[in-house]
Amino acid sequence: MPCGEDWLSHPLGIVQGFFAQNGVNPDWEKKVIEYFKEKLKENNAPKWVPSLNEVPLHYLKPNSFVKFRCMIQDMFDPEFYMGVYETVNRNTKARVLHFGKYRDVAECGPQQEVDLNSPRTTTLERQTFYCVPVPGESTWVKEAYVNANQARVSPSTSYTPSRHKRSYEDDEDMDLQPNKQKDQHAGARQAGSVGGLQWCGEPKRLETEASTGQQLNFLNLSSPFDLNFPLPGEKGPACLVKVYEDWDCFKVNDVLELYGVLSVDPVLSILNNDERDASSLLDPMECTDTAEEQRVHSPPASLVPRIHVVLAQKLQHINPLLPACLNKEESKTFVSGFMSELSPIRAELLGFLTHALLGDSLAAEYLILHLISTVYTRRDVLPLGKFTVNLSGCPRNSTFTEHLYRIIQHLVPASFRLQMTIENMNHLKFIPHKDYTANRLVSGLLQLPSNTSLVIDETLLEQGQLDTPGVHNVTALSNLITWQKVDYDFSYHQMEFPCNINVFITSEGRSLLPADCQIHLEPQLIPPNMEEYTDSLLSAVLPSVLNKFRIYLTLLRFLDYSISDEITKAVEDDFVEMRKNDPQSITADDLHQLLIVARFLSLSAGQTTLSRERWLRAKQLESLRRTRLQQQKCVNGNEL
C-alpha cells in the first residue's frame, strides 16, 4: 500500500491497493472513501491539496488528487462505464482484473487488450455535472483561500514543454490540426471507446476518412468554445465532474467543495475528435448524439478538465474566514467566541457604512439589515425572510452606486452589479434556457448561488424602448425579488428554480422594480471625488476589522431565531393599538414588514429572540423611514 504523500500525487495507486486486496467485493469502494476522509482530517491536510481555483491547470499533474470550489451549472445525463474489466495478454494469455472507477482512460500494458466479452466485466453508472467557479466570488475570498492553502506545485512535466505557454487561441489551433495531434500521441497510447470508458488496445482505425472541412464543421471552430459562465468577465476553469455516490443529494446551483482525481489525458481530445469524425459516416438514424452535443459534452480536456469525485460536500457558505460547517460541534467554540464581541463590531460596521452612504446613519442601519437577511423558510409560495431594499435619492448618472458597490464587494463573499440600462435590459441574457441541440442548460445572469448580493443600478436608466427580451428580463427581475425564484426556459415549458438572492436597488426616484423596503438617501456630505473618498474609506479600515465585518455579515445569516409567546401577545396588542390610532395607513403588510425589521435588528445585535426593546427600536426605525419618505413627497410633489 503506497504511503506518505502518495495519496496526493498517486491517488489511483491507493485505489489500486484496495481493489487488489478486495477484488470484486464492493467493500473496496467504501474503504477508499473512508481512507481519503481520514487523510483529510490529518494536520490541516485539506490545505495541502492543490486547488483548481488557484493553481493553473498546466501546473497540476494528471491523475493527482485535487480540490475544486464550484457551482453546479448543469447536470448531464448519467453515463455508463466499465466498473470492472479484464485484460488479456496477447502472448501469454494471462488475464488481469482492473477497476474503471475514477478513470476516463482504461489502463492496459503494451501487449494487453480489453476482453469485452469477459463474464467478470461489470457496467456501472455515474453522473456528470458541469461545474463552474462560484459566480461573482469576491477578490478577498479568492485571496484568503490562496493564502490559507499550503500546496505548492511546479509545472507538470507530463505535458509538452510549451504547454504552460499556450493560450486559449493555441488550444483552438491544436484542434485545427487533429491529425497532427494523433500522430504525436498514437505511439504513446492507442485507444478506443466503449460504454463511457476509453480503453487501450489495437484500434481498427485511428485516422478517419472525414475531410478537414468535415472536421472543422463538427468541431464548430468558427466560434470559441463557450465555457457557459453565468456572469460576464468570469475566469477560472470549468470542469466536467464525475460523481459516483449520492448524486441525488445535489441540484443545479448548489455550491460544492469537491475532492477527487484530476483527469486531463490528451488522449481524450483525440478520442472525441475520432467520435465526431466517425459520426459523420454513420446513418443519422443510428447516431443519437448530435455533433454539437458531442462538442459540448466532450470538450478538450485542456480547456475543461475532468474531476472524478472521491468526496463532495455542499457548502453552507464560501466565506473562508468561518468554519465550513457551522453546525458541527467544533465550530460552536468559534461562534460563541465571536458572538461575545458582537456589539462593538456592529457599532464599527454601522459607522463604516454611514460613511459609505455619505453620512446617512438611517440608511446604514437598513443596509446592515439587508446584508444579513436571508430566506429562512417558504410558506406555500411565499419566501419568508427576503428583504429587498430600494435606496432612492441616489445621484443620477454619478459614480455613487459604483463606489457603494465596491464597499459591498469588500464585505460579502459573492456579488454582482447589474447596470440597468436600456441596452443591457434588451440584450443581456438573464434567464437560463435549455439548448436541445447541444443538450445543455445555457446560463444566464440570474443563475446565481444562494446568498449572492445582486446590486441593481437603476440610476443609469435613460428614456428608451424596451423590446420583448427587455420586458422578459424586467419580469424575471420582478419575479426574483417578489418570489425568490427564476423560471428557467425549457422552450416547451418553464421550470421554477427557487433561489435566495439579496437584491439591493439604487435609484433616483422610486424603483421601477418591486422592493420590500424603500429608504430615501439623505447625504450629509457630497465628496468632490467619489473614487478618492471610497479609497480613503477602505484604506482607513484595518484588515483585521474588515475581516470581522465579513464574519459578522455571514455568520448572522445562519443564526436561529424565535419569538416567545409573551412577546407575540405583546406585538399583537401593539398592532391592534396602532390600528386604532391610524386605521387607514397601518395594514397587515406593515405588521409583516415590522416583524422582518425586528427579526434582523435582533439578529444584528446577536439576539436570537425578539425582545420588547428591539420591537420598539424596529418601530422607531420604520417611523423615521416613513417620515423621511413623506417629507420627500411634500418637497417634490410626487411619489418617490
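Aromatic rings make a handy way into this predicted model: the count comes to 17 aromatic pairs. One of them joins Tyr 436 and Tyr 492, whose ring centres are 5.7 Å apart, with 45° between the planes, making the pair tilted. Tyr 436 lies in the loop between strand S16 (433-435) and strand S17 (440-442), while Tyr 492 belongs to the loop between strand S19 (485-489) and strand S20 (494-498), so this pair ties together parts that are 56 residues apart in sequence.

How open are these two tyrosines, Tyr 436 and Tyr 492? Tyr 436 counts as partly exposed because its relative accessibility is 40%, and Tyr 492 counts as exposed because its value is 74%, with the bar for exposed set at over 50%.

Ring pairs also build a cluster, linking Trp 7, Phe 18, Tyr 35, Phe 36, Phe 65 and Tyr 259.

Rings have charged company too. Here are two arginines that sit over a ring:

| Arginine | Ring | Distance to ring centre |
|---|---|---|
| Arg 103 | Phe 99 | 4.3 Å |
| Arg 599 | Tyr 376 | 3.5 Å |

Now for a histidine. His 370 sits in helix H12, which covers residues 361-371. Is His 370 buried or exposed? With a relative accessible area of just 2%, His 370 is buried, since the cut-off for that is under 20%. And what is His 370 in contact with, once its neighbours within four places in sequence are left aside? The answer is Phe 387, Thr 388 and Val 389, plus Asn 502, Val 503 and Phe 504.

Terms used. Residues are numbered from 1 along each chain as its sequence is written. This is a predicted model: local features need pLDDT of at least 70, side-chain atom pairs count only at pLDDT 80 or more; totals for chains, interfaces and linings use all residues. Side-chain values use heavy atoms; hydrogens and water are left out. Helices (H or I, at least four residues) and strands (E, at least two) are DSSP runs, numbered from the N terminus. Buried means under 20% relative accessible area, exposed over 50%, partly exposed in between (1.4 Å probe, protein chains only). Contact means heavy atoms within 4.5 Å. Rings of Phe, Tyr and Trp (its six-membered ring) pair if their centres lie within 6.5 Å; planes under 30 degrees apart count as stacked, over 60 as edge-to-face and the rest as tilted. A charge sits over a ring if NZ of Lys or CZ of Arg is within 6 Å of the ring centre and within 35 degrees of the ring normal.
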